[in-house]
Amino acid sequence: MEVPIFMYTKVKGTYDLLPNDARKYSYIEDFLKDTASLFGYEEIRVPILATSDLIHRSTGESSDIVTKETYDFKDRGDRIITLRPEGTAPVIRSIIENKLYATNALPLKLFYMGEMFRYERPQKGRFREFRQFGVEVVGTSSPYMDAEVILLATTIFKDLNINNFKVRLNTLGDDESRNNYRNALKEYFSDKLDSLCEDCKKRFEKNPLRILDCKVDKDSEILLNAPKVSDYLSQKSKDDFEIVKSYLDELDVPYVVDEKLVRGLDYYTNTIFEFELLDSESGQSGTICAGGRYDNLTSDLDGPKLGSIGFAFGLERLISIVNFDFDLTHSINCQFIPIGENAKKNLLKVMQYLRTMGFISEMNYEATSLKGHFKSADSNKARYLIIQGDDELERGVVKVKDKLNNTEEEVDIKDLNNLLDYLMDLENKYLDDISEGE
RNA sequence: GCGGCUAUGGCGAAGUUGGUUAACGCACCGGAUUGUGGCUCCGGCAUUUCAAGGGUUCGAGUCUCUUUAGUCGCCCCA
């Protein structure tokens with residue numbers, strides 16, 4: 001009989017965030033919250049589980065996400081559930097279901113952060129479980145807001161010292177413009193179907209705009225001579241797009257208009273954009289942020305018609321290009337070193353006191369030798385070693401060793417505030433030294 | 001969904017045309033040194049085992065097949 005070897009491994013396409021990396025995520029998440037807050041956004045948290053109807057309806061039946069990338073399953077009550085593959089649809093659903101558009105002033109400016117799931121082949125910067133940060137502004141059609149949203153994303157990247165990107169910008173126009181353009185494309189491609197790739201033949205029926213996005217035929221005459229969106233825009237759409245561009249010019253946001261840009265999800269209208277990372281030393285390139293206006297989504301989901309715009313980016317991709325050469329770990333750390341059981345009991349109380357005063361404090365409960373305690377202090381990178389044996393216990397003192405200044409002194413702890421004052425002095429001295437050095 | 005590459009201890013990795021005991025480094029544990037660690041030195045640390053399973057062979061970590069996983073491309077996407 002075979003004895004199976006059990007290996008409990010992570011699910012394909014997922015990853016563990018070990019402390020070193022989790023620290024980076026926390027830092028970035030805090031930064032994103034702070035930056036979004038400066039622009040007037042509030043956080044919204046919505047469930048990871050969503051009804052499949054919502055996801056399928058909103059992202060478009062023809063989108064690749066729905067046709068082959070969703071995690072769908074039936075729950076025990078026979079409900080068809082989808083793990084959310086993106087944030088916009090669930091957030092819009094929540095806004096409609098909770099009638100936020102009626103109880104709050106418009107526009108709503110919301111940001112979200114959390115896990116998304118897509119059943120894709122994992123590769124660089126792409127996972128099956130990944131995290132996105134995104135914003136949604138709901139309830140305004142002002143093109144100035146389009147520009148402000150792009151400015152927020154730009155600010156985020158620049159403040160993280162990421163400068164080697166450019167914004168690709170386009171407009172799909174309003175409903176009227178889109179319909180006219182769509183018809184023009186259909187007419188143009190109708191007698192050229194044979195020369196298109198297999199995928200594009202399907203796109204012709206479902207979403208002819210996406211033929212423009214085809215990578216297979218991208219250099220062919222057919223695509224190059226295809227009708228251009230700009231020729232089919234209504235005056236309103238043209239004017240709005242001009243406003244977006246002029247605002248971006250005014251704020252020195254680097255962008256290029258790319259008439260070939262369309263997006264993977266079906267709900268976009270008017271302004272759409274992608275942030276593209278330019279070739280860097282790390283060799284990475286590609287889209288690091290994408291978004292656009294979706295003026296029909298709220299009504300498609302049985303809510304009122306509310307002009308809306310948003311963007312999203314993957315935290316994995318962002319963090320992979322942030323340069324973390326600064327210290328994220330500065331901390332105050334006291335290692336308590338008892339010699340003997342009596343001192344151990346006594347130090348437990350002292351340790352708890354220091355913790356309540358904000359000092360990160362630890363003790364190795366298993367060490368049998370002084371050497372073991374000191375080794376623990378090393379691996380904890382403790383700055384202060386607080387040592388007490390029977391002798392010190394009897395006299396009501398501890399020895400405090402400050403490894404940074406390489407000093408060791410006896411401190412009276414009959415009044416614990418005495419110890420706190422002593423440590424605070426050392427801390428303040430350290431901070432003074434730092435600021436003087438700068 | 002398609003293609004390339006990879007898979008050796010906790011980690012990083014040697015392993016020559018298949019040929020007795022699977023280098024080395026880091027980490028870890030013990031000791032020299034049980035009221036002061038870090039350095040140094042000594043010792044320990046893969047052994048029906050080289051991702052799993054099958055095949056070729058007198059002999060397989062080395063060749064072959066399958067599966068799984070990782071990784072990098074394509075499609076698509078954040």
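**View 1. Helix α4 is mostly covered, with seven of its 10 residues buried.** This is a close-up from a predicted model of chain A. The buried residues here are T88, A89, P90, V91, I92, R93 and I95. Just past the end of α4 comes K99, where phi turns positive, at about 50°.

**View 2. Stepping back, chain A holds 16 helices and 16 strands.** Its radius of gyration is 29 Å, well over the 22 Å that the globule rule gives for 438 residues, so chain A is more spread out than a compact globule. Measure the C-alpha trace along its principal axes and you get a span of about 95 × 70 × 50 Å. Of the 438 residues, 32% are buried. What share of the contacts between residues at least 6 apart in sequence join residues at least 24 apart? That share is 69%.

**View 3. Chain A comes in three parts: domain 1, domain 2 and domain 3.** Domain 1 is written as two stretches, 19–174 and 237–321. Domain 2 covers 179–233, and domain 3 covers 333–437. How many Å separate the centres of domain 2 and domain 3? Taken over C-alpha atoms, the separation is 72 Å.

**View 4. Eight strands line up in an open sheet with mixed pairing.** Reading across, the order is β1-β5-β6-β11-β10-β9-β7-β8. At the edges sit β1 (42–43) and β8 (255–257), each pairing on one side only. Inside the sheet, β10 and β11 (residues 308–314) run antiparallel to each other, joined by four bridges. One pair to look for is R293 with its bridge partner I309 in β11. Two helices pack on this sheet. Helix α4 (residues 88–97) touches β5 (108–117), β6 (129–138) and β11, and its direction makes about 45° with that of β6. Helix α10 (residues 235–250) touches β7 (165–171), β8 and β9 (269–277), at about 35° to the direction of β9.

**View 5. Zoom in on β10 (residues 286–293) and you find G292.** Is G292 buried or exposed? It is buried, because 27 other C-beta atoms lie within 10 Å of its own. Setting aside neighbours within four places in sequence, the contacts of G292 are R263, Y268, T271, I272, F273 and I309. I309 is also the bridge partner of R293. V149 is worth a look too: 143 residues separate it from G292 in sequence, yet their C-alpha atoms are 9.1 Å apart in space.

**View 6. L17 sits in the segment before α1 (19–38).** Why does L17 count as exposed? It has 12 C-beta neighbours inside 10 Å, and a residue is called exposed if there are 12 or fewer. Apart from neighbours within four places in sequence, L17 is in contact with A22 and Y25. D249 lies 232 residues from L17 along the chain, and 40 Å separate the two C-alpha atoms.

**View 7. Helix α2 (residues 52–59) has three buried residues to pick out: I55, S58 and T59.** They cover an arc of only 85° around the axis, so they end up on the same side of α2. Right after the helix, G60 has a positive phi of about 100°.

**View 8. A second open sheet to look at has five strands, in the order β13-β12-β14-β15-β16.** Its pairing is mixed. Which strands stand at the edges? They are β13 (360–363) and β16 (407–412); each has a single partner strand, so one side of each is left without a neighbour in the sheet. On average, neighbouring strands here are turned by 25° against each other, direction ignored. At one end of the order, β15 (residues 397–402) pairs with β16 in the antiparallel sense over six bridges. V398 has V411 as its bridge partner in β16.

**View 9. Helix α13 (residues 341–356) lies across three strands of that five-stranded sheet.** The strands are β12 (333–338), β13 and β14 (384–388). Compared with β12, the helix runs at about 165°.

Terms used:
Residues are numbered from 1 along each chain as its sequence is written. Chains are lettered from A and ligands numbered from 1 in the order in which they are written. This is a predicted model: local features need pLDDT of at least 70, side-chain atom pairs count only at pLDDT 80 or more; totals for chains, interfaces and linings use all residues. Two strands pair if DSSP finds at least two bridges between them. Axes are lines fitted to C-alpha atoms, for helices over the stretch in contact, and angles run from 0 to 180 degrees between N-to-C directions. Two residues are in contact if their C-beta atoms, placed from the backbone, lie within 7 Å. Domain bounds come from an automatic or database domain assignment. A residue is buried if 20 or more other C-beta atoms lie within 10 Å of its own, exposed if 12 or fewer, and partly exposed in between; C-beta atoms are placed from the backbone. The arc is that of the directions from the helix axis to the C-beta atoms. The radius of gyration is taken over C-alpha atoms; the globule rule is 2.2 Å times the number of residues to the power 0.38.
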